[in-house]
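Open the model in your viewer and keep the sequence panel beside it. The tour moves from one selection to the next and says what is found at each stop.

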Amino acid sequence: MTADIDPVLHAPARLQIAAMLARVDDAEFAIIKDVVEVSDSVLSKHLSALSEAAYITVRKAKRDGRQRTWVSLTPKGRKAFAAHMKALHELVAAAQHAVAAE
Amino acid sequence: MAYENDPRAALDAVAQTDRRLAKRMHWSLPRHAAAGLLQALCVISWAVPIPLAIVTILLVVGGVVWISHSDRKRDGMFVNGWSSRAARPAFWLAIAATLAGFALLAWAAPGLHMWTPLGVPIALGVFVVVTASSIWWERLYHADLDRSASGAGAT
């Protein structure tokens, strides 16, 4: 893999979380868990890693008497996700080029 | 995981996320109509006396807050009209319809915040176009998700 690949987004679940958050303003923890299909603990771990990199913001809000966790992608996170996706597309294109050249 | 070193598999994982998201992202006709109603109210606020205009604008602000709250409660997420690049033509159409409504009112009314009977059909026109734009927005948003889910990449 090249230097353009973002190490924070390299983990598949983190990439999927970023891909989902890139499509919405914010999403609730339980919905992210359903879409990405990971356990609570795994999601918490990945959200911590993304938060440490300042790629996401996490806020708590009460709804129906229960505390909910809402997550959104920061501008830095959006930029990193776009760059990572571009790098992945370039790698795939380069691989296809190499196969075609053989 | 197997695809950590395979960019194609990583892109497939993103496509799978988009597929799952596409299944969840649907907005009802009343939800689209609510967007149209708020824009129409915004326009009509120019054609009513100032005290009523203030009430109308407060209604619009309250409506925006209610819509975002209701979307989050129902879907567990919120998407604003600007956030999808692929769906922006529909967003711009809604803005254009609203600006056209303001322009028509400025032309039809004797002055700002002065009533004209033409205010009703103008607001109705804005309501219809913005509601249609909102429905179109959802179609464009879904088309982009579907395109990405099929592996063609998102915009």
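The stops below begin with one whole chain, go on to its sheet and helices, and end at the interface and a few single residues. Keep in mind throughout that this is a predicted model.

**Stop 1: chain A as a whole**

Select chain A and show it as a cartoon. Its secondary structure comes to four helices and three strands. Read from the N terminus, the elements follow the order α-β-α-α-β-β-α. Switch to the C-alpha trace: along its principal axes, the trace of chain A spans about 60 × 25 × 20 Å. Of the 102 residues in chain A, 49% are buried. Now consider contacts in chain A with a separation of 6 or more: 54% of them are accounted for by residues 24 or more positions apart.

**Stop 2: the hairpin**

Select residues 56-63 of chain A, which form strand 2, and then residues 66-73, which form strand 3. How many bridges join strand 2 and strand 3 of chain A? There are eight, and the pairing is antiparallel. Look at the end where the chain turns back: R63(A) stands opposite R66(A) in strand 3. The hairpin has two residues between its strands, and D64(A) takes a positive phi near 55° there.

Stay on strand 3 of chain A and colour it by accessibility. Is strand 3 largely enclosed or not? Six of its eight residues are buried, so the strand is largely enclosed by the rest of the structure.

**Stop 3: the rest of the sheet**

Add residues 26-28 of chain A, which are strand 1. Strand 1 of chain A runs antiparallel to strand 3 of chain A, and two bridges join them. Pick A27(A) and look across to strand 3 of chain A, where V71(A) stands opposite.

Next, show chain B as well and look at A27(A) again. Which residue in strand 1 of chain B stands opposite A27(A)? The residue is M77(B). Strand 1 of chain A and strand 1 of chain B pair over two bridges in the antiparallel sense.

Put the pieces together: the strands form an open sheet of four in the order 2(A)-3(A)-1(A)-1(B), with antiparallel pairing. Strand 2 of chain A and strand 1 (77-78) of chain B are the edge strands, each pairing on one side only. While the sheet is on screen, a general point is useful: in a regular strand the side chains alternate between the two faces of the sheet.

**Stop 4: the helix across the sheet**

Select residues 12-21 of chain A, which make up helix 1. This helix lies across strand 1, strand 2 and strand 3 of chain A together with strand 1 of chain B. Its direction is at about 90° to strand 3 of chain A. How many of the residues of helix 1 of chain A are buried? The count is 10 of the 10, so the helix is largely enclosed by the rest of the structure. Among them are P12(A), L15(A), I17(A) and M20(A).

**Stop 5: where the chains meet**

Colour the two chains differently and select the residues in contact. On chain B there are 33, in contact with 29 residues of chain A. Together the chains bury about 2700 Å² between them, 60% of it on carbon and sulfur atoms.

The interface of chain B and chain A has five salt bridges. To see a salt bridge, show the side chains of R24(B) and D34(A), which meet at 3.1 Å, N to O. There are also 13 residue pairs in polar contact across the interface. On the side of chain B that touches chain A, the elements giving two or more residues are helix 1 (7-24), helix 3 (50-75), strand 1 and helix 5 (119-149) of chain B. Helix 1 of chain B gives the most, with 12 residues.

**Stop 6: single residues**

Select E37(A), in the loop between helix 2 (29-36) and helix 3 (40-52) of chain A. Its phi is near 60°, a positive value in a residue other than glycine. E37(A) counts as exposed because its relative accessibility is 55%, and the cut-off for exposed is over 50%.

Go to H113(B), in the loop between helix 4 (88-108) and helix 5 of chain B. Phi of H113(B) is also positive, near 60°. With a relative accessible area of 24%, H113(B) is partly exposed.

Finish at E90(A), in helix 4 (residues 75-101) of chain A. At 40% relative accessibility, E90(A) counts as partly exposed. Draw a distance from its C-alpha atom to that of K33(A): the two are separated by 29 Å, and lie 57 residues apart along the chain.

How values were computed. Residues numbered from 1 in each chain as written. Chains lettered and ligands numbered in written order. Predicted model: local features only at pLDDT ≥ 70, side-chain atom pairs only at ≥ 80, totals over all residues. Heavy atoms only, no water. Buried < 20%, exposed > 50% of the residue type's maximum accessible area, 1.4 Å probe, protein only. Pairing = 2+ DSSP bridges. Contact = heavy atoms within 4.5 Å. Axes fitted to C-alpha atoms, helices over the stretch in contact; angles between N-to-C directions. Buried area = accessible area lost by both parts, 1.4 Å probe. Salt bridge = Lys/Arg side-chain N within 4 Å of Asp/Glu carboxyl O. Polar contact = N/O pair within 3.5 Å; in protein donor to acceptor, adjacent residues only side chain to side chain.
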